[in-house]
Amino acid sequence: MYEPAAPREGALGPVWHVAGAHTFFAGPLRYNAAHQHGAPVFLAGLYGPFRIRVRGQDWARCRTALVPAGLLHELDVGGEPLGVLYREPGATGPDALAALLSGTTACGGALLGADGAVAPLRALWEARDAPRWAGDALADLTAFSGRRGAGARDARILRVVESLTACPDPDQSAARLAQAVGLSESRLQHLFTREVGVPFRRYRAWARMRRAIEAVVAGANFTAAAHASGFADQAHFAHDFRRTFGAPASNSLLDIRR
C-alpha cells in the first residue's frame, strides 16, 4: 500500500492526549533506552517499521507492537514518527489492545505485528487540529478491541485504580486503600499485580506521571506540572520521565500541539 512521505521534521509538533482510559502520543522519536510502563502500550510506525528490543534480547523489526505493562524494552525509531497508545486498567484486561495488530509473532512477552491499526494513528499525527478530536478517535479505535478484552475484573482493584487515577499522591498508601476496599494490604498487593500487570507502587508512579503530562498538555511549564502532580521539583519529574519513557521529557513535551 502506498503511504505518503512523513511531514518534514519540525513541520508538526508532537500530539499528546491524556484523558479517561487513554494516553496517546504521536511524534518523531529516535532512541528510547530500556524502560517500562505502568500500562500496556500499542506502538505503530506511522510510515514504516521500527526496531524494538525486549528484555535485552536481539533487536527485532516490526510495524506494530503490543508491550504489556511492566515489560522492559528499548526502541530505535530513527527519527521517524511513532504512534504510542496506552490503555488504562478498567473493564478490559491487559490484552485489550491485541486486536489492533495483525501478522503477529511473540517476542519476549511482547507481541510484534507486521501490520495493524496504523492509519488512524497516522491521521492523528498528520492533522494539525488533532488535539480537538483525538479523544473521540481513540475511543472509536479501541471500542472493538475493548470488547475482545472484556471479562470478569475484580471490582475492588478497579476502585483502587480509580482512586489512584483521581489523586496520584505519592503518599497514598496501599494500606489505606486496602482498608477502603475491605482487603488486607498483602492481599491488595497480590490482586493489584494480577489485575493491572504491575505492582501497586509502579502504577501509582505511572498515574502521577500521567497527571504531570496532562498538566503540560494543558499549558503548564515543567516546574508547575511537577508540583501540581506531587513531584518534589522539576528535576524529580525529569528523572522519573526519563526512567518511564527512556528519553528526556524535552524530546516529546516541547512544542506540542494544542
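## The four-stranded sheet

In this predicted model, 4 strands form an open sheet, and their order across it is 3-8-5-6 with antiparallel pairing. The edge positions belong to strand 3 and strand 6 (60-62), each of which has a single partner strand, so one side of each is left without a neighbour in the sheet. From one strand to the next, the twist averages 25°.

You can follow the pairings one at a time. Strand 3 and strand 8 run antiparallel and share 3 bridges, and here His-35 stands opposite His-73 in strand 8. Strand 8 also pairs with strand 5 in the antiparallel sense, this time over 4 bridges; Arg-51 faces Asp-76 of strand 8. On the way to the other edge, strand 5 (residues 50-54) and strand 6 are joined by 3 bridges, again antiparallel. In that pair, look for Ile-52, which stands opposite Ala-60 in strand 6.

## The seven-stranded sheet

There is also an open sheet of 7 strands, with antiparallel pairing and the order 1-2-9-4-7-11-10. Its edges are strand 1 (15-19) and strand 10 (101-107); each has a single partner strand, so one side of each is left without a neighbour in the sheet. The twist in this sheet averages 15° from one strand to the next.

Two of its pairings are worth a visit. Strand 7 (residues 64-67) and strand 11 (residues 110-116) run antiparallel and are joined by 3 bridges, with Gly-113 of strand 11 as the bridge partner of Thr-64. Strand 11 also pairs with strand 10 in the antiparallel sense, over 6 bridges, and Ser-102 stands opposite Asp-115 in strand 11. Strand 10 and strand 11 form a hairpin with 2 residues between them, and Gly-108 in the turn has a positive phi of about 60°.

## Helix 6 and its neighbours

Now turn to helix 6. This helix lies across strand 1, strand 2 (22-28) and strand 9, and runs at about 125° to strand 1.

Helix 6 (residues 200-217) also meets helix 3 (residues 155-166): their axes come within 8 Å and cross at roughly 40°. The crossing is right-handed. On the helix 3 side, the contact is made by Val-160, Val-161, Leu-164, Thr-165 and Ala-166, while helix 6 brings Phe-200, Tyr-203, Arg-204, Ala-207, Arg-210 and Arg-211. Sorted by class, this contact has 7 nonpolar, 1 polar and 3 charged residues.

## Enclosed spaces

Rolling a probe the size of a water molecule over the atoms shows where empty space is left. In the whole structure, a search finds 2 cavities of 30 Å³ or more. The largest cavity has a volume of about 160 Å³.

Which residues lie nearest the centre of the largest cavity? They are Phe-25, Leu-29, Asn-32, Tyr-86 and Phe-245, out of 17 residues that line this cavity. The elements that give two or more residues to the lining are strand 3 (31-35), strand 8 (73-76), strand 9 (81-87) and helix 8 (234-245). Strand 3 and strand 8 belong to the sheet with the order 3-8-5-6, and strand 9 to the sheet of 7 strands. By class, the lining of the largest cavity divides into 11 nonpolar, 6 polar and no charged residues.

Note on methods. Residues are numbered from 1 along each chain as its sequence is written. This is a predicted model: local features need pLDDT of at least 70, side-chain atom pairs count only at pLDDT 80 or more; totals for chains, interfaces and linings use all residues. Side-chain values use heavy atoms; hydrogens and water are left out. Axes are lines fitted to C-alpha atoms, for helices over the stretch in contact, and angles run from 0 to 180 degrees between N-to-C directions. A crossing is left-handed if the near helix is turned anticlockwise from the far one by less than a right angle, and right-handed if clockwise. Contact means heavy atoms within 4.5 Å. Ala, Val, Leu, Ile, Met, Phe, Trp, Tyr, Cys and Pro count as nonpolar, Asp, Glu, Lys and Arg as charged, and the others, Gly among them, as polar. On a 1 Å grid over the protein atoms alone, a cavity is a set of points where a 1.4 Å probe fits but cannot get out, and a pocket is an open set with protein on both sides within 12 Å along at least five of seven lines; lining residues have an atom within 4 Å of a point. Grid points are joined across faces, edges and corners, and a volume is the space filled by probe spheres set on the points. Two strands pair if DSSP finds at least two bridges between them.
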